[in-house]
Amino acid sequence: FGITSVMTVSADFAGSAAAKVKVTLGHYNMLEGDDLTYYVVVQGIVLINVAFMSVDICLNVVKMAKQFRATGVLEGNKVVRQALDTATAVMVVIFIAFRIPTKWNSAADVERVVGDITNISWADVGDTADLPTTGALGLDAKKENFFQRIDELLQLIRIEDQQNAFCNLILVVSLLRVIQCTSVHPRLALLTGTLYKAVDDLWHALMLIVLLMSCFAGIATWRFGEQREDFGTFYKSMVTQFEMLFGEFPVDWNTTSQDFLLYTVLYILVLFLLVQNFLLAIIVEAYLKVRADIEELETEQEFVTDVVATLLVYARCFTHGWPYPGRLGKELRNWQAKLSVGFAELERTGLFKSHACLVSFMHHYQRYDFLQPVRVSEYEPSRKEPAKEVSIAEQVEKRLIRALGLEANLRELAVQSHHVNLHRTMTRVAAASSASVSRVTSAEREG
């Protein structure tokens, strides 16, 4: 399958109890023929994608610079996005620049190294004294030649491992970019929104965790390092404590000694129970804030619905002559004093080609309930019906009356108010009647 493997076995006999044996297995994958052609074509497509990405990065950086000159503010989300895109593009170009020559020569390198190893004739070992005359290689020369070729093969494997590690870094950065992309929609932005709202508290919690774990690791290394291998060094103690933080405690933690039992119980109380629950509380609180923001957002719909609606709008921008959303939004963003926008305001923008385009535009968006005209009530702008507002106000008023125990007093006041209003009404009717009689009498006299 074009894979060359080297197994290395190393043993350390310096220990007093037993030898420590370490086995490593390295692989080198060579490409040739159709596989090499396919690999080069794929990498070429990747470079084309990087070229388009670079153009997009430059355009976005120019927009961000104009925005910064105009407002003096940079959006953190856009800065992170452009930084990740730039890092990804640069690293991909560097990786392909080193990877393609390596794979292009991989078959020739493997054939040369493996061929030299297989061509060594171990059965025909010449005498060292006869080498100048016979031309045969002695055993020492053949061993030296063999290990040189093995070192060359190991060097090829190390180069490929370094390139794979660099490629893994590119994939990690791309993964971060994918996570950042989920912030494009409120329903998908749960992860990024929660992290954004919790980043300050998480940072201080991380400092607290590192401080406490360092103290516990120092104590464990000093007290148990000579007795236990998992606490032999400060690094091993930190690794063991990290595993304990997720419930992986040593099997003999309650049977070894009282000191180790006391250490483990303190670790459970301080880090496993308290600090770990602090982290969960911070994340849950930030998540609840994100959920509250989503509930208050009126324009949000389900993700697939929003995607379909967006594609439909761009299609109608092309077929119906509507202005593109970004251009229209830039115009409407300056109208901060308006609660609603109608036909006349949109026509004055000059972005619609004809009245028919504008009518179809308004017909399309009037089906969204969150775009209904805003009604200005006594207290605040609202899209609710006035009758509903009155009924809600009456319900609240009745609940307050019951809670304060004022029903009897209000009934008495209502009766008195009714009699007073009735007396006022009769007085006004009498006055109006007398005024009418006076006007009729004066008219008859003039007649």
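The following passage describes the fold and the charged side chains of a predicted model. Local features need pLDDT of at least 70 and side-chain atom pairs pLDDT 80 or more, whereas totals for chains, interfaces and linings use all residues. Residues are numbered from 1 along each chain as its sequence is written, and side-chain values use heavy atoms, without hydrogens and water.

The protein chain holds 14 helices and four strands (DSSP runs, H or I of at least four residues for helices and E of at least two for strands, numbered from the N terminus). Of its 447 residues, 23% are buried (buried is under 20% relative accessible area, exposed over 50%, partly exposed in between; 1.4 Å probe, protein chains only).

Turning to charge pairs, a search of the whole structure gives 13 salt bridges (a side-chain nitrogen of Lys or Arg within 4 Å of a carboxyl oxygen of Asp or Glu). A network of them links Asp109, Arg112, Asp116, Arg149 and Glu152. Within this network, arginine 112 pairs with aspartate 109, their closest N and O atoms being 4.0 Å apart; both sit in helix H3 (residues 106-118), three residues apart. Glutamate 152 and arginine 149 also form a salt bridge, at 3.4 Å between the closest N and O atoms, and both belong to helix H5 (residues 139-181). Here arginine 149 is buried at 16% relative accessible area, while glutamate 152 is partly exposed at 29%.

Another salt bridge joins the side chains of arginine 223 and aspartate 259 (2.5 Å, N to O). This pair links distant parts of the chain, 36 residues apart, from helix H6 (residues 190-224) to helix H8 (residues 258-296).
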